[in-house]
Amino acid sequence: MFILDRLLMKPFLTIADTLHTMAVNEVYDVGAIQDELKETRLLYELGELDRETYEVRSEQLRDDLELAEEMQQKLLSGNVQVAQT
Amino acid sequence: MTQYLYAYGVTNDGSFEVDLTGVDNATPVYTVDYRRYSAIVSDIETMEPEQTDENARLHDDVLQTLIEDRTVVPMRFGMTFKNGRALKGVLRGGQRAFRRALMNVDGKVELGVKLVTEEGVDVDREAVRKDVTERLGEVSDERAENDLFSDRLVVNDSYLVAHEDREAFNEVMGDLTEAYEGELKVQYTGPWAPYNFVDIEIEAQ
């Protein structure tokens, strides 16, 4: 459904392009990473994660977030090229 | 170095200056006044303060301290203004909105309620939400639903509670914690500045 919508909106986009865009969106899902960061914080506050685990995990997520934001930015500006296999 | 103003919120309780540490470790916290409205500010050297945990905490600490004896319409993190004149312009333009917002939160605080499933436990989410909303609805003025950012979150709400209802609200929270013991963990936080109960959009200049 989603692919069709995209194709109808942008009739000159190929299916490969659309799939590629969706894949990048999924891998670099800023919202999902932000949610995970918030969940990690919550579990730490509830005492399920010790401080060290919390710090290591949230630092990793923050790095992921930075990368994802950068990739989304590039995606928006049309500068991302992914080789098709 | 150019000094800009970092704003925390607006009050109508008059002009003041306090020795608090604000965002980017600025001190003091003081007001920029326009008629009966005062914007609470500290000096800052950038128009784009860094969104660090430390800065977010400082922003919140300032508001936490001030709401102990003042009514404040809080601003979200990162509101900076070029100078006092720009800020006064916002106060002038927003007078009606500020009056309404201040009236709405006068004498009230925001309290946060999160219910999280214990690991591996399944609950009837709808039933829990209904029960919690009903019980807390009786001891609060307003409720705001927040994002369920984790699969384990069943409830993530904010409540606007009048000072005189605080004790009753605490009691209901105690009852809820007991009722769901073993199934749900309860995180009860606050008092917060009423972030979720003012809807003023400010365009920073």
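**Close-ups of a predicted two-chain model**

**Figure 1. Both chains help to line the largest pocket.** In this predicted model, the lining of the largest pocket takes at least two residues from each of these elements: α3 (30–45) and α4 (51–76) in chain A, plus α1 (53–66), β7 (108–117), β9 (153–162) and β10 (184–192) in chain B. The biggest contributor is α1(B), which puts in seven residues. The pocket's volume comes to about 1,700 Å³. Its lining counts 35 residues, and those closest to the centre are A:Lys38, A:Arg41, A:Glu45, B:Asp53 and B:Ala56. Sorted by character, the lining holds 13 charged, twelve polar and ten nonpolar residues.

**Figure 2. Chain A is built from helices, with zero strands**. There are four helices here, and the order from the N terminus is simply α-α-α-α. Of the 85 residues in chain A, 27% are buried. Looking at contacts with a separation of 6 or more, 56% are between residues 24 or more positions apart. The chain exposes about 6,200 Å², with carbon and sulfur atoms supplying 55% of that area.

**Figure 3. The largest nonpolar core centres its contacts on B:Val41, B:Leu87 and B:Leu91**. Those three have the most contacts inside a core of 23 residues. In chain B, β1 (4–11), β3 (29–34), β4 (37–44), α2 (84–93) and α3 (95–105) each bring at least two residues to this core. The largest share belongs to α3(B), with four residues. Zoom in on B:Leu91 and, leaving aside residues up to four places away in sequence, you find it touching B:Val10, B:Val32, B:Asp33, B:Tyr34, B:Tyr37, B:Ala39 and B:Phe98. There is also a second, separate core of 19 residues, with B:Val113, B:Val123, B:Val139 and B:Leu176 among them.

**Figure 4. B:Thr117 is tucked into strand β7 of chain B**. The relative accessible area of B:Thr117 is 5%, so this residue counts as buried. Who are the neighbours that B:Thr117 touches, not counting residues up to four places away in sequence? They are B:Val123, B:Arg125, B:Arg152, B:Val154, B:Glu183 and B:Leu184. B:Val123 has already turned up as a member of the second core.

**Figure 5. Two cis prolines sit in chain B: B:Pro28 and B:Pro191**. Most peptide bonds are trans, which is why cis ones deserve a close-up. The bond joining B:Thr27 and B:Pro28 is cis, with omega about 0 degrees. B:Pro28 is in the loop between β2 (17–18) and β3 of chain B. The other cis bond runs from B:Gly190 to B:Pro191, again with omega near 0 degrees. B:Pro191, in contrast to a loop position, belongs to strand β10 of chain B, an element that also supplies at least two residues to the pocket lining.

**Figure 6. B:Asp24 and B:Arg35 both have positive phi without being glycines**. Most residues other than glycine have a negative phi. For B:Asp24, phi is near 60 degrees. B:Asp24 lies in the loop between β2 and β3 of chain B, the loop that holds B:Pro28 as well. Its relative accessible area is 39%, so B:Asp24 is partly exposed. B:Arg35 has a phi of about 50 degrees and is placed in the loop between β3 and β4 of chain B. Is B:Arg35 buried or exposed? It counts as exposed, because its relative accessibility is 66%.

Definitions and conventions: Residues numbered from 1 in each chain as written. Chains lettered and ligands numbered in written order. Predicted model: local features only at pLDDT ≥ 70, side-chain atom pairs only at ≥ 80, totals over all residues. Heavy atoms only, no water. 1 Å grid on protein atoms, 1.4 Å probe; cavity = no way out; pocket = protein on both sides within 12 Å on 5 of 7 lines; lining within 4 Å. Points joined across faces, edges and corners; volume = space filled by probe spheres on them. Nonpolar A, V, L, I, M, F, W, Y, C, P; charged D, E, K, R; others polar. Buried < 20%, exposed > 50% of the residue type's maximum accessible area, 1.4 Å probe, protein only. Contact = heavy atoms within 4.5 Å. Areas by Shrake-Rupley, 256 points an atom, 1.4 Å probe, with all protein chains shown as cover. Core = buried A, V, L, I, M, F, W, Y, C linked by side-chain atoms within 4.5 Å.
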